[in-house]
Amino acid sequence: MGSKPQKYDAEFREGAVRIVIETGKPIPVVAEDLGVHPGTLHSWVSRWRRNGSAS
């Protein structure tokens, strides 16, 4: 049986994106450090680059 998708608050998402943008670390590395699926973090970073916000 699958687990429910994890909900992350806006502050967490913004902080995760900030780590990727400011440090230049690869998304998979940051995602593993934070316990987030790399695809999820990638979508947050993409949204931030388009809209200026990960929310």
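Arg13 lies in helix H1. The model is predicted. In this model Arg13 is buried, because its relative accessible area of 18% falls under the 20% cut-off. Arg13 and Trp44 are 31 residues apart in sequence. In space, their C-alpha atoms are 6.9 Å apart.

Trp44 also belongs to the largest nonpolar core. This core has 11 residues. Ala16, Val17, Val20, Ile27, Val30 and Ala31 are among them. Val36, Leu41, Trp44, Val45 and Ala54 complete the set. Three helices contribute: H1 (10–23), H2 and H3 each supply at least two residues of the core. In soluble globular proteins, nonpolar side chains tend to be buried together.

Val36 is a member of this core. Its neighbours within four places in sequence are left aside here. Beyond them, Val36 is in contact with Tyr8, Phe12, Ala31, Leu41 and Trp44. Of these partners, Ala31, Leu41 and Trp44 are listed in the core as well.

The packing of two helices was then examined. Helix H2 spans residues 27–34, and helix H3 spans residues 38–51. They pack at an angle of about 115°. Their axes are 9 Å apart. H2 passes H3 in a right-handed crossing. On the H2 side, the contact is made by Ile27, Pro28, Val30 and Ala31. On the H3 side, these residues meet Pro38, Leu41, His42 and Val45. The contact residues divide into seven nonpolar, one polar and no charged. Several of them recur in the core, including Ile27, Val30 and Ala31 from H2. Leu41 and Val45 from H3 also appear in both.

Technical notes. Residues are numbered from 1 along each chain as its sequence is written. This is a predicted model: local features need pLDDT of at least 70, side-chain atom pairs count only at pLDDT 80 or more; totals for chains, interfaces and linings use all residues. Side-chain values use heavy atoms; hydrogens and water are left out. Axes are lines fitted to C-alpha atoms, for helices over the stretch in contact, and angles run from 0 to 180 degrees between N-to-C directions. Helices (H or I, at least four residues) and strands (E, at least two) are DSSP runs, numbered from the N terminus. A crossing is left-handed if the near helix is turned anticlockwise from the far one by less than a right angle, and right-handed if clockwise. Contact means heavy atoms within 4.5 Å. Ala, Val, Leu, Ile, Met, Phe, Trp, Tyr, Cys and Pro count as nonpolar, Asp, Glu, Lys and Arg as charged, and the others, Gly among them, as polar. A nonpolar core is a set of buried Ala, Val, Leu, Ile, Met, Phe, Trp, Tyr and Cys residues joined through side-chain atoms within 4.5 Å. Buried means under 20% relative accessible area, exposed over 50%, partly exposed in between (1.4 Å probe, protein chains only).
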